[in-house]
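Please open the model in your viewer with the side chains displayed, and follow the stops below in order.

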Amino acid sequence: MPHATWDETEQPYDGCGKCLLGVRRLSRVKAATTSPERQREDILTAAKAVGGHIIGWADDWEVSGATDPMTRPQ
């Protein structure tokens, strides 16, 4: 699958119904984690595959992905 680029997959909110928020996080379940760069590319590729675009990023570098998103610290 081709790499997604900033121009086509990261855009401001436009109300199209496919404006997506990318979430990157650390994993404390596994010793090895996917790098932030790899997570970014995977998320951009997935957004592009559904015809969407990323309007912003939520990065949880200090909170495990096993934590419920509704109870995560700000």
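Among contacts in the protein between residues at least 6 apart in sequence, what percentage join residues at least 24 apart? The share is 74%, where a contact means heavy atoms within 4.5 Å.

Before selecting anything, please note that this is a predicted model, in which local features need pLDDT of at least 70 and side-chain atom pairs count only at pLDDT 80 or more, whereas totals for chains, interfaces and linings use all residues. Residues are numbered from 1 along each chain as its sequence is written, and side-chain values use heavy atoms, with hydrogens and water left out.

**The whole chain**

Begin with a cartoon view, which should show two helices and two strands, arranged α-β-α-β from the N terminus on; helices (H or I, at least four residues) and strands (E, at least two) are DSSP runs, numbered from the N terminus. Switching to a surface, one finds that the protein exposes about 5400 Å², of which carbon and sulfur atoms supply 56%, the accessible areas coming from the Shrake-Rupley method with a 1.4 Å probe, and with only the protein chains shown counting as cover for residues. Of the 74 residues, 26% count as buried, a term that here means under 20% relative accessible area, while exposed means over 50% and partly exposed lies in between (1.4 Å probe, protein chains only).

**Glu10, Arg40 and Glu41**

Next, select Glu10 and Arg40, whose side chains meet in a salt bridge at 2.4 Å, N to O; a salt bridge is a side-chain nitrogen of Lys or Arg within 4 Å of a carboxyl oxygen of Asp or Glu. Glu10 lies in the loop between helix 1 (6-9) and strand 1 (19-26), and Arg40 lies in helix 2 (residues 36-49), so the pair ties together parts that are 30 residues apart in sequence. Glu10 is buried, with a relative accessible area of 8%, whereas Arg40 counts as partly exposed at 23% relative accessibility.

Now add Glu41 to the selection: its closest approach to Arg40 in a salt bridge is 3.3 Å between N and O atoms, and Glu41 counts as partly exposed at 22% relative accessibility. Glu10, Arg40 and Glu41 are thereby linked in a network of salt bridges.

**Asp42 and Arg38**

Staying in helix 2, select Asp42 and Arg38, which both lie there, four residues apart, or about one turn of the helix. Their side chains meet in a salt bridge at 3.7 Å, N to O; Asp42 is partly exposed, with a relative accessible area of 41%, and Arg38 counts as exposed at 54% relative accessibility. By the salt-bridge rule, the count comes to five.

**Cys16 and Cys19**

Which cysteine sulfur is closest to that of Cys16? The sulfur in Cys19 is the closest, at 3.9 Å, which is too far for a bond, a disulfide being a pair of cysteine sulfur atoms within 2.5 Å. A search of the whole structure finds zero disulfides. Cys16 itself counts as partly exposed, at 41% relative accessibility.

**Glu62 and Arg25**

For the last stop, select Glu62, which is found in strand 2 (residues 53-64) and counts as exposed at 65% relative accessibility. Then add Arg25 and display the C-alpha atoms: those of Glu62 and Arg25 are separated by 7.9 Å, although the two residues are 37 apart along the chain.
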